[in-house]
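Open the model in your viewer and keep the selection tool to hand. The stops below go from the whole chain to single elements.

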Amino acid sequence: MSGKTENIRNITVVGHASKGKTTLTEAMLNIAKATERMGRVADGNTVTDFDAEEKKRVCSINSAVASFDYKGKSINLVDTPGLFDFAMGAAEGIRAADTAIIVVSSRTGLAVGSEKAFKAATEKGISKIFVTTKMDDERADFYKAFNAIATKFGSQVCPIVVPIVAGGKVAAYYNMIEDKAYSYTGTARKESDAQPDDPSRFEAVKEVFGEAVAGTDEELMEKYFEGEELTAAERIKGVKLGMADGSIIPVFALSGIEGTACDMLLDFIADVCPAPGAETATDANGDAVELKADVNGPLAAICFKTVADPFIGKLSFFKVVSGKLTTAVPAYNATTGKDERMGKIVKMFGSKQNDAGELVAGDIGAVTKLSGFSTGDTLCSPDKVLKLEGVNVPVATYKMAIAATKKGEEEKIGSGLSRLCEEDPSLSFWSNHETHQQLLAGLGEQQLEIAVSRLKDKFGVAAVLEEPKVAYRETITKKVEAQGRHKKQSGGHGQFGDVWIEFEPCDSDDLVFGERVVGGSVPKNFFPAVEKGLNECMEKGVLAGYPMVGVQATLYDGSYHPVDSSEMSFKMAASIAFKEGISKAGPILLEPIVTLKAIVNDDAMGDIIGDINKRRGRVLGMTPNGDGTQEITAEVPDAEMTTFSTAVRQITQGRGSFTTEFARYEKAPENIAQKIIDEAAAE
């Protein structure tokens, strides 16, 4: 492969699920002669869908890199999943690429996943190409798909390859840059003189192309509007300029499954798409530093993907932004401040690793056995510390409890899931010591199901997902006095402790203990024992066994025996007083309330608010964002939030997002509280 930065093309294939991303990737690999034949997703033999779960579910779950040569260019193609549960893969691809190919089905048109991919690529500042696939389908309608793209994303949308529809079928593909039409037999092409059924529409699309290209440069504009024909070189110049400043977003029509017109997309990638460019890093002082894609510049490489496999070992995928990555350099991690020995450098082709001596600025590859690196970390020189922008990790909003099917394997679950979370940062795992559950959070139900499946396949631990328990609290509502008297006589020394304690509500999460004992009715040396006994009781309330909060206890009287009294006796007496007093102090159940911030599209706002109301939530306000979305702020009981992630996705068609943050505890409604108390009693 070429070792020059200007010959590198980093391309990610993104978009909605089931629109033909992996099929397009296969077609390009085959046309470039990187494979002997095209694989099929349905047959489970594609280069980039090599994972066992991907083959079983017949869809992409992970991002995958396929590096190959074409027309003297070194192309790194990153195929990404379109399902929203696996948005981490798309985030990895966007971080690594300089151009995003956004796939749209010409049969079903623009979908939400394509809109989200466009937004992510725009935010990252990389070039974009729209590809309308499935032109082989009799229901395909390129112009409908093109008009939808242009309506949504504006005048910068520019047709490059369009179908010539004759007799209701695609007879050829017209290349605007070459000003030629080509017909296809399989993937082989030849020039065609096919004429479109609707010449006026075809000419209108040509005019859109001409004006878009001419608008990128004053000389081109002057020539175009004087009626002179632009040369192919001038068209390429205009498209390059437009892609660089975002004023042109090329559109290609093709069929991935048949491979027709995919060669013209490959040619465009090699001839027109930008080589890796400059990025901004932060130095050791926190100052911004511009890094050019220069092999002689300081070393800086971003880890955009991690594979932590117990069989093949750890693989860290890097894009080298500046400098040169070789096995001779120390692997210094700017994030952790630690260095380690560099592993073997490889170029990836799906699951296959090909040895590479080095990675130059702009290139993409992987390094084996870098145990200290995680996704988003920067590899640099210890002599010049530089930190690059990380990967935009999607926020985990779907939470479930995970339990081992065999007792005693909780530690194995923790160890295995920690490895899986390292591989997929959009997953998170922790233990809730209050509910005594292990919790797993991600982007959706499928992602968690696959995590459980991989836990078994990779680490040999069988587990099940369960509804997460809610960490309720108990408190009191009125002031009471209670006596606790503990007396036990059994040969020799007995046990005797007697206390009078006043219990009242307060605003503290912990027990507030005080005393106003007079006359020595309870010796001072037993005060700590009384407090300890009360604190132990606070861990388990009298209603449903949940921790107590908001209790102030004041020891004000009691009695003792000079021989039989002990710390244990007064600890027991305090426990008796607690149970007696708290049960009379108007105990109530408290439920956790979270602050919800949801960003939803305008047309879904009413349904989302209705859903929040059904969950006993209170909408606090709505703020327009100016981009067709609104931010809804609400307070909702945590117990009602388990299925909210699924509801938001369904109501907004995947456009919505949200975050939650603990706000406070509130009194649970009587019917809810009684149900929880009854369930606790039945256990």
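**Whole chain**

Among contacts between residues at least 6 apart in sequence, 72% join residues at least 24 apart. Keep in mind that this is a predicted model. With everything selected, the C-alpha atoms fill a box of roughly 110 × 60 × 50 Å along the principal axes. Colour by secondary structure to find 16 helices and 36 strands.

Next, switch to a surface view. The accessible surface of the chain comes to about 30400 Å², and 48% of that belongs to carbon and sulfur atoms. Of the 683 residues, 53% count as buried. Colouring by charge shows 77 positive and 99 negative side chains, with the centres of the two sets 4 Å apart.

**Strands S4 and S5**

Select residues 127-133, which make up strand S5. How many of the 7 residues of S5 are buried? The count is 7 of 7, so the strand is mostly covered under the cut-off of under 20% relative accessible area. Show the side chains: Ser127, Ile129, Val131 and Thr133 point one way, while Lys128, Phe130 and Thr132 point the other way. In a regular strand, side chains alternate between the two faces of the sheet.

Add residues 99-105, strand S4, which pairs with S5 in the parallel sense over 7 bridges. To fix the register by eye, pick Ile102, which stands opposite Phe130 in S5.

**Helix H6**

Move to residues 199-214. This is helix H6, with 16 residues, and it reaches 22 Å from its first C-alpha to its last, close to the 22 Å expected at 1.5 Å a residue. Its buried residues are Phe202, Val205, Phe209, Gly210, Ala212, Val213 and Ala214. An α-helix has 3.6 residues a turn, so residues three or four places apart point the same way.

What covers the buried residues of H6? Display helix H5 (142-153), strands S6 (157-166) and S7 (169-175), and helices H7 (218-225) and H8 (232-245), which are included in that cover.

**Val452 in helix H11**

Select Val452, in helix H11 (residues 445-459). Is Val452 buried or exposed? Val452 counts as buried because its relative accessibility is 14%. Leaving aside neighbours within four places in sequence, Val452 is in contact with Ile402, Ala463 and Leu465. Then draw a distance from Val452 to Leu420: the two are 32 residues apart in sequence, and their C-alpha atoms are 9.8 Å apart in space.

**Helix H13**

Residues 567-584 form helix H13, which has 18 residues and reaches 26 Å from first C-alpha to last, close to the 26 Å expected at 1.5 Å a residue. Show its buried residues, among them Phe570, Lys571, Phe578 and Ile582. Small side chains are on the buried list too, including Ala573, Ala574 and Ala577.

To see part of the cover over the buried residues of H13, add strands S29 (480-488), S30 (495-505) and S32 (551-559), together with helix H12 (527-538). Just after H13, stop at Gly586, which takes a positive phi of about 65 degrees.

**Hairpin S34 and S35**

Finish with strand S34 (residues 618-624) and strand S35 (residues 629-637), which run antiparallel and are joined by 6 bridges. Gly621 stands opposite Thr633 in S35. The two strands form a hairpin with 4 residues between them. In the turn, select Gly626, which has a positive phi of about 85 degrees.

Key
Residues are numbered from 1 along each chain as its sequence is written. This is a predicted model: local features need pLDDT of at least 70, side-chain atom pairs count only at pLDDT 80 or more; totals for chains, interfaces and linings use all residues. Side-chain values use heavy atoms; hydrogens and water are left out. Two strands pair if DSSP finds at least two bridges between them. The expected span of a helix is 1.5 Å times one less than its number of residues. Buried means under 20% relative accessible area, exposed over 50%, partly exposed in between (1.4 Å probe, protein chains only). Contact means heavy atoms within 4.5 Å. Accessible areas come from the Shrake-Rupley method with a 1.4 Å probe; for residues, only the protein chains shown count as cover. Lys and Arg count as positive and Asp and Glu as negative; His and the chain ends are not counted. The place of a charge is taken as NZ of Lys, CZ of Arg, CG of Asp or CD of Glu.
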